[in-house]
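Visitor: I should be grateful for a close look at a single part of this structure, followed outward to whatever surrounds it. Please set the account out in full.

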There are 2 protein chains.
Amino acid sequence: MQANPSIGQYLIERLQAQGIRDVFGIPGDFVLGFYQMLEQSPMRVIGTCNELNAGYAADAYARLNGMGAVCVTYNVGGLSLVNAVAGAYAEKSALVVITGSPGMAERRGNPLLHHRVGAFSTQRDIFEKVTVAAVVLDDPETAFREIDRCLELARLHQRPVYIEIPRDMVDVVPPHPYRSLTLTRESEPEALREALAEARELLAKARRPVILAGLEVHRCRLGDTVMAFAERHRIPLCSTILSKSVIDERHPLYLGVYEGAMSREAVQRYVEDSDCLILLGVFMTDMELGIYTAALNPENWIFASLEDLRIRHHHFHQVQFVDFVQGLAAAELPVRSLPEPLPSHPPRAAWAPIAAAPVTNRRLFEKLDGILDERMVVVCDVGDALFASVDLGTQGATQFIGPAYYTSMGFAVPAALAVQVHDQNLRPLVIVGDGAFQMTGHELSSIARLGFNTIVLVLNNKGYTTERYLAEGRFNDIHPWQYHRLPEVFGSGLGLEVHTEDELEEALARAVAHTGAFTLVNIHLDRMDISPALERLTRGIRESL
Amino acid sequence: MQANPSIGQYLIERLQAQGIRDVFGIPGDFVLGFYQMLEQSPMRVIGTCNELNAGYAADAYARLNGMGAVCVTYNVGGLSLVNAVAGAYAEKSALVVITGSPGMAERRGNPLLHHRVGAFSTQRDIFEKVTVAAVVLDDPETAFREIDRCLELARLHQRPVYIEIPRDMVDVVPPHPYRSLTLTRESEPEALREALAEARELLAKARRPVILAGLEVHRCRLGDTVMAFAERHRIPLCSTILSKSVIDERHPLYLGVYEGAMSREAVQRYVEDSDCLILLGVFMTDMELGIYTAALNPENWIFASLEDLRIRHHHFHQVQFVDFVQGLAAAELPVRSLPEPLPSHPPRAAWAPIAAAPVTNRRLFEKLDGILDERMVVVCDVGDALFASVDLGTQGATQFIGPAYYTSMGFAVPAALAVQVHDQNLRPLVIVGDGAFQMTGHELSSIARLGFNTIVLVLNNKGYTTERYLAEGRFNDIHPWQYHRLPEVFGSGLGLEVHTEDELEEALARAVAHTGAFTLVNIHLDRMDISPALERLTRGIRESL
């Protein structure tokens, strides 16, 4: 760090200190000075086709990396990525939104500068609704402190923040020295002690405890701690649809994904019959709970999260999530044997293609289960791409990425870009419906530019099939693309078209072997074909009516 | 209108009463009931690839049609089109945003429903910043009145409004009868009389008056009134970059587009030397004023707009824009002869290709000037596509569409879709840079689906060329697409690639003759090649420093 950094330089240094090495975005005149500064720094700038895609990519990068950043111009840039930032807020991802804006000097006289809408503060006012902090660095005296405060809040809450730099502030060097700020939140020792004692007591009595390891276990990097705790006391674990892959799914204590009626039946029964449910960092959404088909009894709850600690029917206000989980993991409990055989994950069936048989969702995902390896990251888009993927057996802590709660269509292809920007040794397997692909699939352009070997499976069921089960109408039909011809547009990549099981087997083998560039497989499915998981959900909703 | 319409039915009726026949958008579960109602109505639903594109299209439709509508689902849909709505706000377009949301009944207990971010009101709170009214139809007693209020405000202000229907309110029939509301704003008669008298006096004395006919002349449908006024008193007219084509550019009184230093020199001199400047509905932005290179003397102003009426240095608060313009047009003034020869529009040069010569911006636009006809609508995207197009000679009141103030890249292709949805007999000529095309060019998919004969010219200068003149960096480079191969992906259309002038002539002839589907021409330009208009601007800015 040089002696007297400017506001722009300080921001770049602090982003680096948080482990951010890549920034996604698109330049524009109000942010060009900062872009030049970024280009001259060790930071890598990753251009995308449009800002929404940059937002999705930066969100996915943050999920993998701990924190991510997107940098765009004023209003036309920023207001294009509101939805991606909202998704990061909803699903707890530490995304830093950086934006340029008109210089403070050129705002005098309140002129109608291009890109302006309403007040000069409109963009900040909007981002205030989908971030935990939104600041304009318009004062050199406070700029450094504000940068630190934003980044610390993003880390603490695992949610987005917004930092706006008027273009004439980028090069300003603050007049006074400054020492970096670190926010910490501490538990009240007595409350922590009481909570842990009570949890230990419940656990000691429990005959059949189960851990539900949720999203925040991943965001707070507590996966290993939770796993060690489970192993020491032989407590089985589930993940949720939002946290899938937080636990290595090959582990003998792993039961599966719990998601109410959408769960495999044995998993649902095991969890709902438990006499001590340890909910760690679970986000109690309709998606996590199988559209509220879940029957979880609060009588037996130990519920700990970033926002709340609840045991049975009372709450502890001053206990930090991380402290509680670590305390629990360190607790000495009577050693117990497992009370009964666990519902085992169904063994992978040997898969042989039925020649000329049309591909179905069920058969497709059975086949995919067999091609996953440790370097692959399953990146799902919304709809049956997401529901069906829950049945795939993934491994490791970041092997499954999907917008499983906010469910914003179009997330997957930009997210896949981020996977290999984060770590080029990973290999994304993108599972995306045709409707979602039409929204953001052009971002394959950046995947082509960077030479990544992403595999994209387009589930081509000719429209919004999940919606056809809710309300049929011509509005669910979309224009049929020749998706596999896109490599010709982007000048690289392999495009394949699949109708039958034998074609599927051959195409997937070619895709896996094709490591020089991306592969896109256009998989034709019947317009009404859905996965077993989505069938379970529809049945569960019907039964709960 | 049936006796007792539901809230959803009433909304559809009132949209139709405003002349809206088509709604753009994408369905989602929280808006599916209303989508089914739309499909059963005479309204046509136009699906797009994603919501931002739907927003751009509906904005363009509103500019052509007087009012337009976009209908999307909660948050993931709505928050994706904030930028398009902001553009409609900034450039005064009466765009109605309709969105579904969770039912009022299912909000009880404050559950974390999918698509939710923060409070249930987050989406409305955000749209409040970029609309003139934002309502949630959560009360049957007030729903009809709120619908009417929104639509009337959109019409009066020519700006967007936001209407959210919780999904369990769509079918609710309000308990009490209701009579439709029409808002009117009236001028104070004395103020109007005084303002008109003063304007007449100024005009009677003026030796060289000029009318600047701005955006609001188009939005308020006052083009014919202004033209008749100009003809009767032989007052020359200019348009602005935002209002280009509000006046038939072949008219003998038409001087050209005034845009400060970006204007043709003779136009700039004529306007800036005028002794009575009649500014009608001009939006005083940096873009209208050639990035503030304009030298207009307020000493001689008659400035009338939707927001203000100013003569010289004083303001009239209670005079409506339409009343003033109509009063002015009806005024009896001494008949005057034109004081001097007008700066004539340069004659169209006969254009013959120079064989094998690389295409340049200057030569391209000279050529384009010769192929425009009365059915063509020039739809411009941002950058040199916009600056250069200002020199094209267009005709009629809606022959030029571009985001000339808000300058949001990616506007043009979705806007072109709207042109032919509005009137299939029009033929859009889209002029779009490669950077902007990569943002939203996939919306050609809908143009292909509907069989429109749009012509798309991609100015392929390998990146963000306008920005290269502001700050060079690798971030201005983009991935080279084979744009002309896109017809293979969309299954229809003609794709052509052009490097030289003879190829350009042949490609444009083929494009004009190809009326069965869209044509995309990939025009290679040097990465540093810019138009004469952009050269004038850079020179003007340099001189004013």
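**A helix and the interface around it**

Guide: In this predicted model, the buried residues of α4(B) pack against α4 and α5 of chain A, and also against α3 (51-65), β4 (95-101) and α5 (122-127) of chain B. The helix α4 of chain B spans residues 82-90, and 9 of its 9 residues are buried, so it is largely enclosed by the rest of the structure. The buried residues are Val82(B), Asn83(B), Ala84(B), Val85(B), Ala86(B), Gly87(B), Ala88(B), Tyr89(B) and Ala90(B). Just after α4(B), the backbone at Lys92(B) adopts a positive phi of about 60 degrees.

Since α4(B) packs against elements of chain A, the account turns next to the contact between the two chains. Here 69 residues of chain A are in contact with 69 residues of chain B. The area buried between chain A and chain B is about 6100 Å², and carbon and sulfur atoms give 62% of this area. Between chain A and chain B there are 2 salt bridges. In a salt bridge, the side chain of Arg485(A) meets that of Glu488(B), at 2.9 Å from N to O. Polar contacts between chain A and chain B amount to 36 residue pairs, with both residues at pLDDT 80 or more.

On the side of chain A that touches chain B, the elements giving two or more residues are α2 (32-40), α3 (51-65), α4 (82-90), α5 (122-127), α15 (434-440), α16 (444-449) and α18 (486-490) of chain A. The largest share of that side, 5 residues, comes from α4(A), and α4 of chain A is also one of the elements against which the buried residues of α4(B) pack. By residue type, the side of chain A that touches chain B divides into 35 nonpolar, 21 polar and 13 charged residues.

Aromatic rings form a further part of the picture, with 24 aromatic pairs counted over all chains. One of them is the stacked pair of Phe127(A) and Tyr162(A), at 5.0 Å centre to centre and 15 degrees between the planes. Phe127(A) belongs to helix α5 of chain A and Tyr162(A) to strand β6 (residues 161-166) of chain A, so the pair ties together parts that are 35 residues apart in sequence. Both Phe127(A) and Tyr162(A) are buried.

Another pair, Phe490(A) with Trp481(B), is edge-to-face, at 5.1 Å centre to centre and 75 degrees between the planes. This pair crosses between chains: Phe490(A) lies in helix α18 of chain A, and Trp481(B) in the loop between α17 (465-468) and α18 (486-490) of chain B. Both Phe490(A) and Trp481(B) are buried. In addition, ring pairs link Phe437(A), Trp481(A), Tyr483(A) and Phe490(B) into a cluster.

The account closes with a residue of chain A. Asn65(A) lies in helix α3 of chain A, and α3 of chain A is among the elements that give two or more residues to the side touching chain B. At 17% relative accessibility, Asn65(A) counts as buried. A polar atom of the Asn65(A) side chain lies 3.0 Å from the backbone oxygen of Gly19(A), and the side chain of Asn65(A) also reaches the backbone oxygen of Met67(A) at 3.0 Å. Leaving aside residues up to four places away in sequence, Asn65(A) touches Gly19(A), Ile20(A), Arg21(A), Arg221(A) and His422(A).

Notes:
Residues are numbered from 1 along each chain as its sequence is written. Chains are lettered from A and ligands numbered from 1 in the order in which they are written. This is a predicted model: local features need pLDDT of at least 70, side-chain atom pairs count only at pLDDT 80 or more; totals for chains, interfaces and linings use all residues. Side-chain values use heavy atoms; hydrogens and water are left out. Contact means heavy atoms within 4.5 Å. Buried area is the accessible area (1.4 Å probe) that two parts lose on being put together, summed over both. A salt bridge is a side-chain nitrogen of Lys or Arg within 4 Å of a carboxyl oxygen of Asp or Glu. A polar contact is a pair of N or O atoms within 3.5 Å; within protein, one must be able to donate a hydrogen and the other to accept it, and residues adjacent in sequence count only if both atoms are side-chain atoms. Helices (H or I, at least four residues) and strands (E, at least two) are DSSP runs, numbered from the N terminus. Ala, Val, Leu, Ile, Met, Phe, Trp, Tyr, Cys and Pro count as nonpolar, Asp, Glu, Lys and Arg as charged, and the others, Gly among them, as polar. Rings of Phe, Tyr and Trp (its six-membered ring) pair if their centres lie within 6.5 Å; planes under 30 degrees apart count as stacked, over 60 as edge-to-face and the rest as tilted. Buried means under 20% relative accessible area, exposed over 50%, partly exposed in between (1.4 Å probe, protein chains only).
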